[in-house]
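Here is a short colleague's note to read alongside the structure. Please keep the view open and follow the points in order.

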Amino acid sequence: MPELPEVETIRRVLALELPGLRVEAIDGQSIAMRRPLDVKKLSRLLARRSFLQPRRRAKYLLLDFEAPGSLLVHLGMTGRIQLVDPDAAFRDHTHLSLQLSDGRQLRFVDPRRFGFVDWLEAGAEATDPSLTKLGIEPLDRGLEHALPPLLHARRAPLKSLLLDQRLVAGVGNIYAAEALWRAGIHPRRAGNRTSIRRLIDLAKAVREVLTEAVALGGTTLRDFADPDGEMGYFAMRLAVYGRQGEPCGRCGTTLKAEVIGGRTTAWCPSCQR
């Protein structure tokens, strides 16, 4: 599933390409997704509208338009956004294609249909159910002050707390595991049994991991690519995620893994306490 760095990578590419372009035509098929994709509705609302700068909230993209309103986009587990020439071959499961005023097409692809594209009228962002309960943005200033008290007040394992989008928004399985390794904290350690000092270190590690991942274009494990087709290179820096059975890069101990909160989690039994 694309996490914050992958979505932020997409946003940055689109920020260089979309502003000022108009939607000339829309093609697709209305289908059932997490939110129904209504192509006729989007055709009526988007025709001749011009893009402004795109935004991101957690793992969601907000494609703003000149006439107030936004496309809210979530990539689910397998979603992709492509910005391609009109003669580029359509990938299977391309559900929506926007013809742009510069001749290119913006396409939404999602084989498993766990993502969605939906229209938000001006002001609807404040009440949208996907956005209203999201927690702290981990790339915002002040994470080291805001996050530790939230984690310290809860009994759940820190790995599960980092994945709780109501506390910190956008962190997923990959980056939670990496941040815990960098901070030297066991993923099963309870929030309320961890000192504030160590939780500050964890918050710093979260920011550090996410910042590095964004700089490297995210993590490509299977099929993630940005709208230009570029892969993410943070996979080359993964210290624990998917590396169970390999030696820890810090102490050499064999990495272990178990399921925590429904997600497979790798860690070092020696240097994560």
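1. Start with one pair of residues. Leu72 stands opposite Asp118, a residue of β8. The strands behind this pair are β4, residues 70-74, and β8, and they run antiparallel. Five bridges join them. Bear in mind throughout that this is a predicted model.

2. Now widen the view to the sheet. β4 and β8 belong to an open sheet of four strands. Its order is β2-β3-β4-β8, and the pairing is antiparallel. Which strands stand at the edges? They are β2 and β8 (116-120), and each pairs on one side only. Neighbouring strands of this sheet are turned by 25° against each other on average, with direction ignored.

3. Two helices pack on this sheet. Helix α1 touches β2 and β3. The direction of α1 makes about 15° with that of β3. Helix α2 touches β4 and β8. The direction of α2 makes about 45° with that of β8.

4. Look next at Asp64 in strand β3, which covers residues 60-64. Is Asp64 buried or exposed? Its relative accessible area is 12%, and buried means under 20%. Asp64 therefore counts as buried. Leaving aside residues up to four places away in sequence, Asp64 touches Ser50, Phe51, Leu52, Gln53, Arg55, Gly69 and Ser70. Met33 gives a distance to set beside this: Asp64 and Met33 are 31 residues apart in sequence and 22 Å apart in space, C-alpha to C-alpha.

5. Turn to another open sheet, again of four strands. Here the order is β1-β6-β7-β5, with antiparallel pairing. β1 (23-28) and β5 (80-84) stand at the edges. Each has a single partner strand, so one side of each is left without a neighbour in the sheet. From one strand to the next, the twist averages 15°.

6. Stay with β1. Strand β6, residues 94-100, runs antiparallel to β1, and five bridges join the two. One position to find is Ile26, whose bridge partner in β6 is Leu98. Helix α2 (residues 39-46) packs on this sheet and touches β1 and β6. The direction of α2 makes about 180° with that of β1. Recall that α2 also packs on the sheet described earlier, where it touches β4 and β8.

7. Two loop residues deserve a check of the backbone. Most residues other than glycine have a negative phi. Arg48 is not a glycine, yet its phi is positive, about 70°. Arg48 lies in the loop between α2 and β2 (55-57). His93 is not a glycine either, and its phi is positive at about 65°. His93 sits in the loop between β5 and β6. With 41% relative accessibility, His93 counts as partly exposed.

8. Now the helices. α1 (residues 4-17) and α6 (residues 196-215) pack with their axes 9 Å apart, at an angle of about 40°. The two are therefore oblique to each other. Their crossing is right-handed. α1 brings Leu4, Pro5, Glu8, Thr9 and Arg12 to the contact, and α6 brings Leu210, Ala213 and Val214. These residues divide into five nonpolar, one polar and two charged.

9. α6 has a contact with α5 (residues 173-183) as well. Their axes come within 8 Å and cross at roughly 130°. α5 and α6 are therefore oblique to each other. This crossing is right-handed. On the α5 side, the contact is made by Tyr175, Glu178, Ala179, Leu180, Arg182 and Ala183. On the α6 side, the contact residues include Arg198, Asp201, Leu202 and Glu212. How do the residues of the contact of α5 with α6 divide? There are 10 nonpolar, no polar and six charged. Leu210 and Ala213 of α6 are listed in this contact, and both also take part in the contact with α1.

10. Finish with a hairpin. β9 (residues 256-260) and β10 (residues 263-267) run antiparallel, joined by five bridges. Ala257 stands opposite Ala266 in β10. Two residues lie between the strands. Gly261, in the turn, has a positive phi of about 60°.

Conventions: Residues numbered from 1 in each chain as written. Predicted model: local features only at pLDDT ≥ 70, side-chain atom pairs only at ≥ 80, totals over all residues. Heavy atoms only, no water. Pairing = 2+ DSSP bridges. Axes fitted to C-alpha atoms, helices over the stretch in contact; angles between N-to-C directions. Parallel < 35°, antiparallel > 145°, perpendicular 65-115°, else oblique. Left-handed = near helix turned anticlockwise from the far one by under 90°. Contact = heavy atoms within 4.5 Å. Nonpolar A, V, L, I, M, F, W, Y, C, P; charged D, E, K, R; others polar. Buried < 20%, exposed > 50% of the residue type's maximum accessible area, 1.4 Å probe, protein only.
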